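Q: I have this chain open on my screen and would like to talk it through with you. Could we begin with the charged pairs and move on from there?

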Amino acid sequence: MFKTTTLLGMATMVSTAAAGTSMLDQIGANDGSDVDTSNILASQYFEAAFSVYDIAAIDDFDNTDGLAATSVAACIAGWNGYTSIDAVLGVEGNFYLAIEDAAANLDGYATASGPVVLDPNWTGQANGEVVVLDSYWALAGGVNLVTLIPVNEFGTNGQTGITASFLGDGAAWQANPGGGFGMPNNWQAATNNVSIRVVGETGDPCSVPFGNCPTDVSGPAGTPDGFVGVDDILACVGTFNETGNGTERPQGDCYPGPAGDCTVNVDDLLSVVATFGTDCRPRGACCFGIAGCDEDTLEEDCSSGDWLGEDSTCADCHAGACCYIDGTCTEGSPADCSNAGGTYSGDGIDCAAANCPQPSEGACCITNLDCLDSLFPADCDDFGGTYMGAGTDCMTTSCGWEGCPSDATAEDAPCAEDTSDPNSDPNGGLNVDPPLFGAIANGETICGTISTFTCIGCADDGTDATYRDTDWYVFDNSAGGEWTINGGGETSLVMGIVDNDALAFVDYFILAPYEEGSATVTLPAGGSYSVWVGFDFDGGTNPCSSNTNEYSISLSGAAAPPSACCVVTDCVGDLNPTECAQLGGTYVADESCDTYSCPQAFVPCNTGNGQDPLGIDDSWTAGTSDTGSGYQRAMAVSADSISECTIYGLGLIYSGGWSDCSTPADMPMEWAIYADASGMPGSELASGASVDYAGTDLVYAGAYALHGWTCDMSYTGSVDWVNISSVSAGQGECWFLWMSSTPADAGASAINDGTGWIAEAFNLNYCITE
C-alpha cells in the first residue's frame, strides 16, 4: 500500500493518454466545463499524526461486462493550506463492493498506488488537476465503488479532495475509517457526483503493458528475480507455443512491447537471449550522510547507508551538522536535527566545520527563590535547574515570583473565608451587588490575597457552592495609553485587564504557582477599566487555610503612540487616543490610515432572502461556530440556488474567559451547504473556503465589533441549510461567533458538537444572493 514517503522530492510526471473502454467518466470535457468547482469532497491520506482523518471520496458504476480496470483518474484540488499538486506525494486507487467496506478500511478489495501523473490533455487547471493512475485492477462484475486518494501531508500542503462533477446520478459517498470527522458508522452519503474516470479492458491480463524488464519472466523460485538468465530461457522453452486463455498470460510471453501477443514463440525466446545477463533489480541513491552518496545502487548494496528508494538520486540525500545549546554536535538529516531540538547547519557541513555556539556561563534557577551564577548548561541540568541563557546573572534574572515587594500597597481586605453573603467582598467588582472596586494608580504595586471559599446556600437549589475571590482595581484611563501589568503569586492565578463596560477581558494571562507574567494593551481614551486578579479554577481549590494565597500585581502606563482614528466610517489620520476622542472617533491600536480601512456602516439584507442580525440593544445571542472549538452551527434556508451568502458575527478568543480577537480579518473561514434530512442538515452539497471579510460599525455590549463574511458559493441547485465556521486549533485562537437573528427562544437553527446535528432555539442571520 502506498503510504510511505519514498516519493518525497519526486517531480510530478505527465501521463500518456489511457486507452481502453470507458467504464465511468464524470470528469468529462478536457476544458473542465463538466467539473463543479463549487464543491470539493475530501479525499486524503494524512501524515501519521492526523491519520484518524484519512478519508476517501467515492462514486459508483456498474461493471456489467466484467472488465478489469487499467486506469483511474480524478480531478484533484485542495484548500486550507493547499499550495499545489506538486506537493502531493502520490495517489492510491481503490475499488470496493460496499460503502461499509471502505468505512472499515480504505484499502479496497482491488488496490494499486503510484506517483502523481498528470493528464496531458487536460486544460482545465483553473478547476483542479486531473491525476491519472495506470495499473491493473481485477474487478468483480456488477456495481463497484471507486476512489482515488491523494497521499498528502496536511502540515505542508493542507487538505486535498476530488472536485464535484455535473455528470452522474447525484449520489456519492465519503468514508473515514478512523472516525476523525465524526461520521455515523464512519461514512456518509453526499448528493454530489465525484469527478472521477475509470478506464478498463477485458479481464485478460495480456492487455496489461509489461513492466520495465519484460524478459525477466522467472527465477530460481519460478517467479521474476530481477535478472535475465537461464531460468528465463527455461521458462520460455517450458511454455513454448502456449497461448493465454483470457484469464492468464503464459509465463514466457515477453514480446513484442508494450503488452506482448499472449503467445510464447520464437520471438519471445530470441528476446530473452538478446537481453541475457540484464540486471533488472531496482536501483537508487545510497546516502551516507556527511560521508557522501552513491548513485544507481542496489538496496542490498547499501547496508552501511540509507537507500532512498527506486529511481532516487543523490539530490535527495540531505545531511549535515546539528548543533545543540550545550555546544555538542551530531550529524544527520535536517528532520533528525529538528526532532532532537538542535539547529541544522546545512547540507554537507560536518561537525568539525560547523555557525556551533559553545556553551557559556549563565544563571541557573533552582527554585523561584534559589539561583546559582556562572553555571554551564550541563552543570545546571545536574543541579536540576533551568539554564537561563548565556551571560545571564542572578542579580538581573527572575526565577519566579519572589514574594510581595516591601514597597507594595496592601490590598486592605482579608482573605475571603466561607460565608453566606456572596456580596461581602469589598473589592469584588462586578461580581458583587452593588459593584465594589479597589483602585490602582500608574506605577503602583498591590499585594493581596486570593482564595476559594464555600458560599453557604448560594447555589440555585439552595445548596452550598464553591466561589473564588476576585479582586478588581480600577485605574484612570481618561487619556488612554499603553498599559502593562506584571504579577505573580503563591497559587494558580488569572491576571488581566478588564473592560468594565463590556464585562470582558482586554487581555489576560494564566500563571502556575510562583510563576510571573505580564500583558500589555493599548486603550482608547475614556471608558472604565480594571486590573483583575482571580484564582484559576483549573488549579483546583485554594482556601485561606492553605497559607499559599498571596500575590502581587503592578500597573505601569505610557502615552499611546499615534494610530488609526476612525470617525464614523472614515480614517481621519494617525492620532493618539486623546486626539482621536476629541474628534469623537475610535482609536485603533497598531494600525495606520495608510493601510487600514475603517468599518463601514451595517447595511441590512436587501436581496429578499435573508434575516438580519439582532440589534445592539436587542436580547441577542452569539454562538460559537469553529472547527477547533467542538461546535459548528447551521441555519435553515430556502434557496433555488446560491451565488453568495453574507453572514455576520463576532470574532472572539476563549481561554478561560472571552476576549476580543484583534485580527478577525485574518481568521481562516470555511463554508458548507446541506440538503435537509428530517429537519436537520443532511448530506453536504458543496463546501469551500472562498470568503471575503468586511467590518461593520456595530459594537455589541460596548466592546465587541460585528464583522461580516461573504461566501462565494456559486451553487446551482436547491439549498436547505447553510454553515460557516472559523478554522482553528482550539482554545486561545480567534473563533467565529454567529450572531442570532431572533431571541433565544424564537427560532430554529442547528448545532453540531461532534456527535451530530441537533436543534438550537434561535435563528442565525444570513443574506443570500441567488
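Q: Is Arg249 buried, partly exposed or exposed?
A: This is a predicted model, and in it Arg249 counts as partly exposed because its relative accessible area is 22%, which lies between the limits of 20% and 50%.

Q: Which residue does Arg249 form a salt bridge with, and how far apart are the closest atoms?
A: Arg249 forms a salt bridge with Asp253, and the closest N and O atoms of the two are 2.8 Å apart.

Q: And Asp253, buried or exposed?
A: Asp253 is buried, with a relative accessible area of 2%, whereas its partner Arg249 is partly exposed.

Q: How many salt bridges does the structure hold?
A: The structure holds eight salt bridges. One of them is formed by the side chains of Asp296 and Arg283, at 3.9 Å from N to O. That pair links distant parts of the chain, since Asp296 belongs to strand 16 and Arg283 to strand 15, with their positions 13 residues apart in the sequence.

Q: What about accessibility for those two?
A: Asp296 counts as exposed, with a relative accessibility of 56%, while Arg283 is partly exposed at 24%.

Q: Where do Arg633 and Glu760 sit in the chain?
A: The side chains of Arg633 and Glu760 meet in a salt bridge, with 2.9 Å from N to O. This pair, too, links distant parts of the chain: Arg633 lies in strand 41 (residues 632–654) and Glu760 in strand 49 (residues 757–760), and the two are 127 residues apart.

Q: Which of that pair is buried and which is partly exposed?
A: Arg633 counts as buried at 8% relative accessibility, and Glu760 is partly exposed, with a relative accessible area of 22%.

Q: Which residues are joined into one network by salt bridges that share partners?
A: The network is made up of Asp279, Arg281, Arg283, Asp296 and Glu300, which are joined by salt bridges that share partners.

Q: Back to strands 15 and 16, then: what is the strand order in their sheet?
A: Strands 15 and 16 belong to an open sheet of three strands in the order 16-15-17, and the pairing is antiparallel. Strand 16 (293–298) and strand 17 (306–307) stand at the edges, and because each has a single partner strand, one side of each is left without a neighbour in the sheet.

Q: How many bridges join strand 15 to strand 17?
A: Two bridges join strand 15 (residues 283–287) to strand 17, and these strands run antiparallel. Across this pair, Cys286 stands opposite Trp307, a residue of strand 17.

Q: Changing sheets, what can you tell me about the one with strand 36?
A: Strand 36 is part of an open sheet of three strands, with the order 37-36-38 and antiparallel pairing. Its edge strands are strand 37 (570–575) and strand 38 (586–588), each of which pairs on one side only. Neighbouring strands of this sheet are turned against each other by 30° on average, direction ignored.

Q: Over how many bridges do strands 36 and 38 pair?
A: Strand 36 (residues 563–567) pairs with strand 38 in the antiparallel sense over three bridges, and Cys565 stands opposite Tyr587 of strand 38.

Q: Where is Pro561 found, and what is it in contact with?
A: Pro561 is found in the loop between strand 35 (550–558) and strand 36. Leaving aside neighbours within four places in sequence, Pro561 is in contact with Glu482, Leu575, Asn576 and Tyr587. The C-alpha atoms of Pro561 and Asn576 are separated by 5.8 Å, although these residues are 15 residues apart along the chain. Pro561 is partly exposed, with a relative accessible area of 40%.

Q: One last thing, the surface: which residues make the nonpolar patch?
A: Phe50, Val52, Tyr53 and Phe181 make a nonpolar surface patch of about 320 Å². Phe50 is found in the loop between strand 3 (35–42) and strand 4 (56–63), and at 31% relative accessibility this residue counts as partly exposed.

Q: And how much of the chain is buried?
A: Of the 770 residues of the chain, 45% count as buried. The accessible surface of the chain comes to about 34,100 Å², and 50% of that belongs to carbon and sulfur atoms.

Definitions and conventions: Residues are numbered from 1 along each chain as its sequence is written. This is a predicted model: local features need pLDDT of at least 70, side-chain atom pairs count only at pLDDT 80 or more; totals for chains, interfaces and linings use all residues. Side-chain values use heavy atoms; hydrogens and water are left out. Two strands pair if DSSP finds at least two bridges between them. Helices (H or I, at least four residues) and strands (E, at least two) are DSSP runs, numbered from the N terminus. Axes are lines fitted to C-alpha atoms, for helices over the stretch in contact, and angles run from 0 to 180 degrees between N-to-C directions. Patches are made of residues with over 30% relative accessible area and no salt bridge: like charges are joined within 9 Å, nonpolar side chains (Val, Leu, Ile, Met, Phe, Trp, Tyr) within 5 Å. Accessible areas come from the Shrake-Rupley method with a 1.4 Å probe; for residues, only the protein chains shown count as cover. A salt bridge is a side-chain nitrogen of Lys or Arg within 4 Å of a carboxyl oxygen of Asp or Glu. Buried means under 20% relative accessible area, exposed over 50%, partly exposed in between (1.4 Å probe, protein chains only). Contact means heavy atoms within 4.5 Å.
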